[in-house]
Each structure stands twice: as structure tokens, then as C-alpha cells.
Amino acid sequence: MTNEEPRGADSKSAPPPFPPSQSNGLPDSQQGQFPSSPQGAFPSSQQGYYDPTQQGGYPLSQQQYVQAPPSYGSPGSEPPQGRNVLALVAFIVSVVGFIFACIPGALIVGWILLPIAFILAIVSLFLKGRGKVFGIVGLVVSIVGTIVGFIVFFAVVATSFNAAFGGDTTIGEAPAQTQEAAPQQETQPDEPAVAEQGTRENPIALGTPVSNTDWTVVVNSFNPDGSAVVAEANQFNEAAPAGSHYVIVNYTVTYSGSKSGIAAEVGVDLVTSGGNVIESYDAPVVLNDGMGIDELFTGASATGSQAYLVPDGQDVLIRVRPGIIADDVFVKP
């Protein structure tokens, strides 16, 4: 029978410092004691190694860590923004489109590239990244290039239209009787310079040819009192209202173009001393030799007359236009 000791508070024995299985081969008298070691065999706590006598196992100086830079994706950090490639593309396309818009033969290429550059520039302004200044410049260049393109387009159309229906207007030599009378006019030294021939200030004489690339016009005669002629031509012609009268202009047109033209392309009207323009259709009448709308081929001519209703007491000049958009030339009756 085994005698058991009473279990009191003072009878508790302290646990062994090491389990019996971990005696490490030491005698029983040295169990639970740390073996002595020479100085420096184990590092001290001042060198930053583990020391059970220090709070936390390490010196306080080793618990202060250097804060590492925030990694990408952590709260409060943003990755560096890259270059806005779309803005650069918009800038390049707008410059190329602007260059093509200034070339008449390649105008259509500029009109294709400039709208594309405009859209790319708008989109690039809403994207993140550096280099948005290229998007702004591309936007401005695309707008300016479009305006320049329209100007070049209208200039090309006007030049083509002028080449087809007009041309440079030239004035031929005056009739022989006018050339003989000219030397009789002496020029005074104090007189101002003579205006360009064919203007309102210096109109040309009757019978002087007015030409361009397609037409040649010669005013043959001017009848300042044509009311009787109008009355004889057709009984349905209206008489001139009170305070006005009819005048009749007879002229010849000759077509010199490469294809064919209509005589009505040539314009002949009157300009009063007060600056008012009188057209033949303002008071349409039928004449026996009225100018028609004949089609003429190269070298063909047509001669006819037109009547104009002029206020009494007004002097007039005959304005000739050898083509739809040709320059005006004034003829003195």
C-alpha cells in the first residue's frame, strides 16, 4: 500500500527546468542550469540578437523599422501616369491633314484626316496621362485646317469656273476714226492721271472690241431715241411711260471657245450717271432684230439689238461683260 503525501499548497513541487527526456546528457546535479560559456560565445542583447532578459526578446532599438515605400495598389498610392499616346496621334494626324488641306490636288485627303484628328483630340482630353497639350494643339490645328481647306476649295472652284465661263478681259483697238481724233486732244500738264481704259471714268469708244478667252463683243451703234423703233417692231409693245424713253443698243458677239456657247452668256446693259443699272428685261419688248439665245460654235457670230427704258435727262454708259463672270468694260455711246 502506497503512502500518498497530502496535497497542500506547500507540498507542490516546482516543475523540472527541462523534461527528463531532454537532459542532454548532463548529470542530475546540473539539470536545469545553463552551461557556462566563454565571454562572446553568445551575442549580447546590445548586438540585436535574441535575449530573453529583454522585453519582447529584442532590444528596443531593433524594434524601430524603416518604413518601406508604399507598394502599387496599396491605399493612398497611385501608379505614375504614362504618356497620352492618343493625344500625340491626334496631333500628328492634324498636322498631316492641315498640309494636305493646303494642296488643291490633295484637298480630299485633308478633309478625311482633319475630322479624324478632331475626334481623336476630343477623346484624348478625357484620358489620363501626360501630354494632353498635344491633344489641345491637335484640336486647334484640325479646326484651323478645316477652315483653310474650305478657303482653298472655294478658290479652286472660283478659278475653274472663271476659266470655264470667263477669263481675262482685254480691250482691242478703237476704230480708225477714233484713233485719228485722239491726237487733237492735248493733255494739260496739271491734269490728273487718266483712269484705266474701260472704266466709268474712262470709257472706250463705240466699235472697240472687248474680248476674253471665249467671247468677243463689239458695240456697233447706240440709238438714243428708240421709242419709234419699239412701236414699229410689235403692236403689243408697251409705250414708254411718262418721264422715260427707249434707247436701243446694237452689238455683235463672236464665240472663240473650244466647244460651244450661248449668245445670252454675254451681258450688255446700261449704267446711268446716277449709278443705276438698267437691264433689258426691266421693260421687255420685241424688236425686229432682237438678240436671241443662239448657240454658237467656234468662230460663229451673232448680231442683234436690245431696248432699254431710260429716265429722261439721264446720261448712260454701256456696260459690256464678255462672259458670265468676266470683268466689266464701259463703252461711251
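## A walk through the predicted model

The chain has five helices and 11 strands. What follows describes a predicted model, beginning with the chain as a whole and then moving to two helices, a loop, a surface patch and a group of charged side chains.

### The chain as a whole

Of the 333 residues in the chain, 28% are buried. The accessible surface adds up to about 22,500 Å², and carbon and sulfur atoms account for 58% of that area. If you look at contacts between residues at least 6 apart in sequence, 70% of them bring together residues at least 24 apart.

### Helix 1 and its buried face

Helix 1 covers residues 85-101. Its 17 residues should span 24 Å at 1.5 Å a residue, and the end C-alpha atoms are indeed 24 Å apart, so the length agrees with expectation. Which residues of helix 1 are buried? They are Ala 87, Ala 90, Val 93, Ser 94, Gly 97 and Ala 101. Viewed down the axis of helix 1, these buried residues fall within an arc of 125°, and therefore they line one face of the helix. A general point helps when reading such a list: an α-helix has 3.6 residues a turn, so residues three or four places apart point the same way.

### Helix 2, with two sides

Helix 2 runs over residues 107-124. It has 18 residues, and the distance from its first C-alpha to its last is 26 Å, close to the 26 Å expected at 1.5 Å a residue. The buried residues of helix 2 are Leu 107, Gly 110, Leu 114, Ala 117, Ala 121 and Ser 124. Around the axis they cover an arc of only 100°, which puts them on the same side of helix 2. What does the face turned away from that buried side carry? There you will find the exposed residues Ile 108 and Ile 119.

### From helix 2 to helix 3

Leu 125 sits in the loop between helix 2 (107-124) and helix 3 (132-165). Its relative accessibility is 27%, so Leu 125 counts as partly exposed. Setting aside neighbours within four places in sequence, Leu 125 is in contact with Lys 132, Gly 135, Ile 136 and Leu 139. For one of these partners, Ile 136, the C-alpha atom is 7.5 Å from that of Leu 125, with their positions 11 residues apart along the chain.

### A nonpolar patch on the surface

Some nonpolar side chains gather on the surface: Ile 108, Val 109, Trp 111, Ile 112, Ile 116, Phe 150, Phe 153, Phe 154 and Val 157 form a nonpolar patch with about 800 Å² of accessible area together. The elements that give two or more residues to this patch are helix 2 and helix 3. Helix 2 gives the most, with five residues. Ile 108 is a member of the patch, and Ile 108 is also one of the exposed residues on the face of helix 2 turned away from its buried side. Another member, Val 157, has its place in helix 3. With a relative accessible area of 41%, Val 157 is partly exposed.

### Three salt bridges

How many salt bridges does a search of the whole structure find? It finds three, and here they are.

| Acidic residue | Basic residue | Closest N to O distance |
|---|---|---|
| Asp 269 | Arg 319 | 2.9 Å |
| Asp 328 | Arg 319 | 3.7 Å |
| Asp 328 | Arg 321 | 3.7 Å |

Through shared partners, the salt bridges join Asp 269, Arg 319, Arg 321 and Asp 328 into one network. In general, side chains of opposite charge can pair when their charged atoms come close.

The bridge between Asp 269 and Arg 319 links distant parts of the chain: Asp 269 lies in strand 6 (residues 267-272) and Arg 319 in strand 10 (residues 316-321), 50 residues apart. Are these two residues buried or exposed? Both Asp 269 and Arg 319 are buried. The relative accessible area of Asp 269 is 1%, while Arg 319 counts as buried at 15% relative accessibility, because the cut-off for buried is under 20%. Asp 328, at 34% relative accessibility, counts as partly exposed.

Asp 269 also has a varied set of surroundings. Leaving out neighbours within four places in sequence, Asp 269 is in contact with Val 277, Ile 278, Glu 279, Tyr 308, Leu 317, Ile 318, Arg 319 and Arg 321. That list includes Arg 319 and Arg 321, which are also members of the salt-bridge network.

Definitions and conventions:
Residues numbered from 1 in each chain as written. Predicted model: local features only at pLDDT ≥ 70, side-chain atom pairs only at ≥ 80, totals over all residues. Heavy atoms only, no water. Helix = DSSP H or I, 4+ residues; strand = E, 2+ residues; numbered from the N terminus. Expected span 1.5 Å × (residues − 1). Buried < 20%, exposed > 50% of the residue type's maximum accessible area, 1.4 Å probe, protein only. Arc of directions from axis to C-beta. Contact = heavy atoms within 4.5 Å. Patch = residues over 30% accessible without salt bridge, like charges linked within 9 Å, V, L, I, M, F, W, Y side chains within 5 Å. Areas by Shrake-Rupley, 256 points an atom, 1.4 Å probe, with all protein chains shown as cover. Salt bridge = Lys/Arg side-chain N within 4 Å of Asp/Glu carboxyl O.
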